[in-house]
Amino acid sequence: MKIVPVPVREDNYAYLLIDEPSKKAAAVDIYDVDKVVSKANELGVNITAAFTTHRHNDHSGGNKTFASQFPDAPIYGGSDQIPALTQLVKDKDEFTFGDNIRVKCLATPCHTRESICYHVTDEVNKDHPGAVFTGDTLFIAGCGRFFDGTGEQMIAALSYLGTLPDDTIVYNGHEYTASSAAFGKHVDPDNPAIARLEGIVEKNSQTTGLTTIGDEKQWNVFMRLDTEPVRKATDSTSETPQSQVMDALREKKNAFKG
């Protein structure tokens, strides 16, 4: 199993999920079909499916073009609001892609009601830690806005992703890591994990695929609502409901200019 990020728009990522033995590839959040197909051709792989994390145009906007160019390729997604959807998936659905890749669908409603994250594992190469495509639910050191949901739902979504093995590699929807790290440092300035993330940002213009679910538990303030720095930053106490803390933290991130 190999995963190749394909930058599209200003800061979006599409991806190629490649089953190396069969040379089959799935396009993930294929906004720009030409760019993704060009990368597939460069790598010598054949695109045979598309996975869509949610309906927003910067993730699904290429689906109709993709469907016209690859009429036999299924397009997976979490609701019929996904353009050109052919394969509806729901929480805990599993299927095999190519010869060796196992895909498990994780429903994470909040950013949008139909948000699906895709956990992928290599059934042959057991040394591969697995990966998760998180769309706009989980960013490196951040999370998406609550367009269709609530703070309580985002807590549930991030907690669900947190049940994946700690070494699961994170492939998220946008290159927001620098701003997320800055906000994390603003909230939790003495956290050594955030200092480590700053080092990753300084050395890499592209940070997706370089970190794990275990890292998120250490540096993502949206997954650390019970910690003293987060409670202090949101004017909360140990008795404040987590959903209230999450809502306050998201509001602070929305307004953050650092």
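This note goes through an annotated region, two single residues and one helix of a predicted model.

1. The annotated region. An unreviewed UniProt entry lists residues 11-174 under "domain: Metallo-beta-lactamase", and that name is taken here from the record alone. In the predicted model, the chain over residues 11-174 is 20% helix and 34% strand, and the C-alpha atoms at the two ends of this stretch are 5 Å apart.

2. Histidine 174, its setting. Histidine 174 is the last position of the listed range 11-174, and it sits in the loop between β13 (169-172) and α5. Its relative accessibility is 3%, so histidine 174 counts as buried, the cut-off for that class being under 20%.

3. Histidine 174, its partners. Once neighbours within four places in sequence are set aside, histidine 174 is in contact with Asp11, Asn12, Tyr13, Asp58, His59, Asp136 and Phe139. Two of these contacts can be described at the level of side chains: a polar contact of 2.8 Å joins histidine 174 to aspartate 11, and another, of 3.4 Å, links the side chain of histidine 174 with that of histidine 59. Aspartate 58, which lies 116 residues away from histidine 174 in sequence, has its C-alpha atom 10.0 Å from that of histidine 174.

4. Lysine 39. This residue belongs to helix α1 (residues 33-43), and because its relative accessibility is 23%, lysine 39 counts as partly exposed. Apart from neighbours within four places in sequence, lysine 39 is in contact with Val4, Val6 and Leu16. For valine 4, 35 residues away along the chain, the C-alpha separation from lysine 39 is 8.8 Å.

5. Helix α6, its length and start. Helix α6 covers residues 192-203, and at 1.5 Å a residue its twelve residues should span 16 Å, which agrees with the 17 Å found between its end C-alpha atoms. The N-terminal end of α6 is capped by asparagine 191, with a side-chain oxygen 2.8 Å from the backbone nitrogen of alanine 193.

6. Helix α6, its two sides. Which residues of α6 are buried? They are Ala193, Ile194, Leu197 and Ile200. Seen down the axis of α6, these buried residues fall within an arc of 105°, so they line one face of the helix. Among the elements that cover the buried residues of α6 are α5 (177-187) and α7 (213-219). On the face of α6 turned away from the buried side, the exposed residues are Pro192, Glu202 and Lys203.

Notes: Residues numbered from 1 in each chain as written. Predicted model: local features only at pLDDT ≥ 70, side-chain atom pairs only at ≥ 80, totals over all residues. Heavy atoms only, no water. Helix = DSSP H or I, 4+ residues; strand = E, 2+ residues; numbered from the N terminus. Expected span 1.5 Å × (residues − 1). Buried < 20%, exposed > 50% of the residue type's maximum accessible area, 1.4 Å probe, protein only. Arc of directions from axis to C-beta. Contact = heavy atoms within 4.5 Å. Polar contact = N/O pair within 3.5 Å; in protein donor to acceptor, adjacent residues only side chain to side chain. UniProt positions renumbered as here; feature names shortened; annotations may be inferred.
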